[in-house]
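Here is a short report on the sheets, voids and ring pairs of one protein model. Keep the sequence and the structure in view as you read.

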Amino acid sequence: MAAEAAGPAGPGTGSGSGTGLTDLPGELLELILCCDVLGAADIGRVSCTCRRLREACQPRGKVWRERFRLRWPSLLKYYSHSDSVSWLEEYKARHNAGLEAQRIVASFSKRFFSEHVPCDGFSDIETLGCPSHFFEDELMCILNMEGRKGLTWKYYAKKILYFLRQQNILKNLKEYLQRPTERQSFLEGAVLIDQYCNPLSDICLKSVQAQVDDITDKVRKVLRTKNPRHPSLASKAGEVLIPEVELQRQVLDAMNCVLYEQLKYKGNELDYYNSLNSYIHQVLIRRTGIPISLSVLYLTIARQLGVKLEPVNFPSHFLLRWCQGKEGSTDIFDYTYIDAFGKGKQLTVKECEYLIGHHVTEEFYGVVTSKEVLQRMVGNLLNLGKRESTDQSYQLLRDSLDLYLAMYPDNVQHLMLQARLYFHLGIWPEKVLDILQHIQALDPSQHGAVGYLVQHTLEHIERRKEELGPEVKHRSDEKHKEVCFSIGLIMKHKRYGYNCVIYGWDPACMMGHEWIRNMNVHSLPHGPHQPFYNVLVEDGSCRYAAQENLEYNSEPREIPHPDIGRYFSEFTGLHYLANTELEIRYPEDLELTRATVQKIYSSGKE
């Protein structure tokens, strides 16, 4: 392409052999150079051939902008048309950021295979010399790789992206909390909580607000049929509150019609303790939620239509209040209370007590701040995190603790819970010590619990220092002769029926006496004196199964486990391939796995 561009005689030589590329009009030349079959290297070579083509491929011109767009289309949202951008330099910066991201992702498996990524494990990322959105974009490219390969890369890219986005969201939350109360939108606060707990989802305030605006427009249509002159229909509605109670009532009636009759929003009574009920973007998608999430949606719509509703931190059931008397009244009987969970039903004080089944004092009918609303939302997630038994990483509990401590960094109770959680999970011992030191400074009376955790955390750190390296298990060793199954095989549990994949094995049960007794291992025909296997189960759990309880899976399929990429690099369709780190620990298993697959699944799929 470069040779053709220059031509044997060069532009303007008068050879008479016809029109060359450089003789074309500028717009047509740009159109050709923007063709998607050309790569960045091609454009670089073309620009070196002559002045005309160098000018056509200038760094700030259309050609390099199009090259950038074709390669990384999602990044254009970070630029405006008015920006004067050197697209060549941006292309180079994004390319280099991609190489750096790949280097870091590739290093994580070797560095952190044996342990959870430590709290200082992301230090390389925090000191990146490139724009963070370039780095994140490369991580997304890794996560979106097609096929069943690159599982280990995807596993660590996900962890890094999770960390980066949460750090950014925490900064936004702290900035939000520092604003004056009147500038703290309840909807924005709910979105920040949603984003932090779901950092890999595409959630932004702009899209959530657009969906709320769409509902608000539907309410206006209903309102227009009832009262064509209603002030909420004006172009600046929402900027000024409607003073007349009857006009406010018309708005609330129209809202109830749209939300609960047309759009079928409802309180999720059947699956109340599902964490999705607390995430505002899921409330909008599923049209169901719990009292506080539905209340945030309800009061946001009302405010956009000029009706002021206030949040009430009512025990066991979050409510809104609507003033029927003098604005700012402290008399609880001057308000009507609205149950967004109960289809917008309007309640008296007495009916509020009937709702929860007991009498409460006047203080529980008072209005609360946006920070207190967020505190209750996070508190709900904390309680759900404590309830979850299948998630062995306790991710929801960890995320909600982070959020709570971002709002109340000196809360001793939650600091202690965080320290105990990390200690229980065996992760971040250095951070555990920092938390315990902070607790001791805040509340010296905690010295007993703090001292116990400090001692055992220091022991954990010392044991980790003494580790000599990975234990290597050779199948050819005499002590391993009874081990029948190998790493990467898809198995089925004979008794419980679950599907799983083997990621480790022992020649005999290596668990303690208490575990063996609790799991009733002695009731098995071969008891604990048989091979046991570490397996990743399709429900997201990790289990330790006896050899006699496992059998080959007649219909092997992918195991949807969050840690699959920690141990395996690829799913072949019939079995998993161990990644480099797992293969080091079981160097002779791959050959047996392939032989077993060939023997068991003779359909020729491999």
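A cavity is a set of grid points where a 1.4 Å probe fits but cannot get out, and lining residues have an atom within 4 Å of a point. The model is predicted.

**The enclosed cavity**

How many cavities of 30 Å³ or more does the structure hold? It holds one. The largest cavity has a volume of about 80 Å³. Its lining consists of I487, Y576, L577, A578, L582, E583, Y586, D589, L590 and T593. Three elements each give two or more residues to this lining: β13 (576–578), α23 (580–585) and α24 (589–600). By class, the lining of the largest cavity has seven nonpolar residues, one polar and two charged.

Strand β13 also belongs to a hairpin. It runs antiparallel to strand β12 (residues 568–571), and three bridges join the two. E570 has L577 of β13 as its bridge partner. L577 is also one of the residues that line the largest cavity. Four residues lie between the strands of the hairpin, and G573 takes a positive phi near 110°.

**The second largest pocket**

This pocket has a volume of about 1100 Å³. Its lining counts 34 residues, and K77, Y78, E136, R165 and N168 lie nearest its centre. Helices α7 (123–126), α8 (132–143) and α9 (151–178) are the elements that give two or more residues to the lining of the second largest pocket. Which element gives the most? That is α9, with eight residues. The lining of this pocket divides into 16 nonpolar, 10 polar and eight charged residues.

**Aromatic pairs**

With ring centres required to lie within 6.5 Å, the count comes to 25 aromatic pairs. One of them is F68 with F134, a tilted pair at 6.4 Å centre to centre with 50° between the planes. F68 sits in helix α5 (residues 62–71) and F134 in helix α8, so the pair ties together parts that are 66 residues apart in sequence. Helix α8 is also among the elements that line the second largest pocket.

**Two open sheets**

One open sheet has four strands, in the order β3-β4-β5-β6, with antiparallel pairing. Why is one side of β3 (310–312) and of β6 (345–347) left without a neighbour in the sheet? Both stand at the edges, each with a single partner strand, so one side of each has no neighbour there. Neighbouring strands of this sheet are turned by 40° against each other on average, direction ignored. Strand β3 is joined to β4 (residues 319–323) by three bridges, and the two run antiparallel. P311 has L320 in β4 as its bridge partner. Helix α15 (residues 349–356) packs on the sheet and touches β4, β5 (335–339) and β6. The direction of α15 makes about 110° with that of β6.

The other open sheet has five strands, in the order β10-β9-β8-β7-β11, again with antiparallel pairing. Here β10 (542–546) and β11 (550–552) stand at the edges. Each has a single partner strand, so one side of each is left without a neighbour in the sheet. In this sheet, neighbouring strands are turned by 50° against each other on average, direction ignored. Strands β7 (residues 490–493) and β8 (residues 499–506) pair in the antiparallel sense over three bridges. The partner of I490 in β8 is V501.

The table lists bridge partners from the strand pairs above.

| Strand pair | Bridge partners |
|---|---|
| β3 and β4 | P311 and L320 |
| β12 and β13 | E570 and L577 |
| β7 and β8 | I490 and V501 |

One general point helps when looking at the strands. In a regular strand the side chains alternate between the two faces of the sheet.

Notes:
Residues are numbered from 1 along each chain as its sequence is written. This is a predicted model: local features need pLDDT of at least 70, side-chain atom pairs count only at pLDDT 80 or more; totals for chains, interfaces and linings use all residues. Side-chain values use heavy atoms; hydrogens and water are left out. Two strands pair if DSSP finds at least two bridges between them. Axes are lines fitted to C-alpha atoms, for helices over the stretch in contact, and angles run from 0 to 180 degrees between N-to-C directions. Contact means heavy atoms within 4.5 Å. On a 1 Å grid over the protein atoms alone, a cavity is a set of points where a 1.4 Å probe fits but cannot get out, and a pocket is an open set with protein on both sides within 12 Å along at least five of seven lines; lining residues have an atom within 4 Å of a point. Grid points are joined across faces, edges and corners, and a volume is the space filled by probe spheres set on the points. Ala, Val, Leu, Ile, Met, Phe, Trp, Tyr, Cys and Pro count as nonpolar, Asp, Glu, Lys and Arg as charged, and the others, Gly among them, as polar. Rings of Phe, Tyr and Trp (its six-membered ring) pair if their centres lie within 6.5 Å; planes under 30 degrees apart count as stacked, over 60 as edge-to-face and the rest as tilted.
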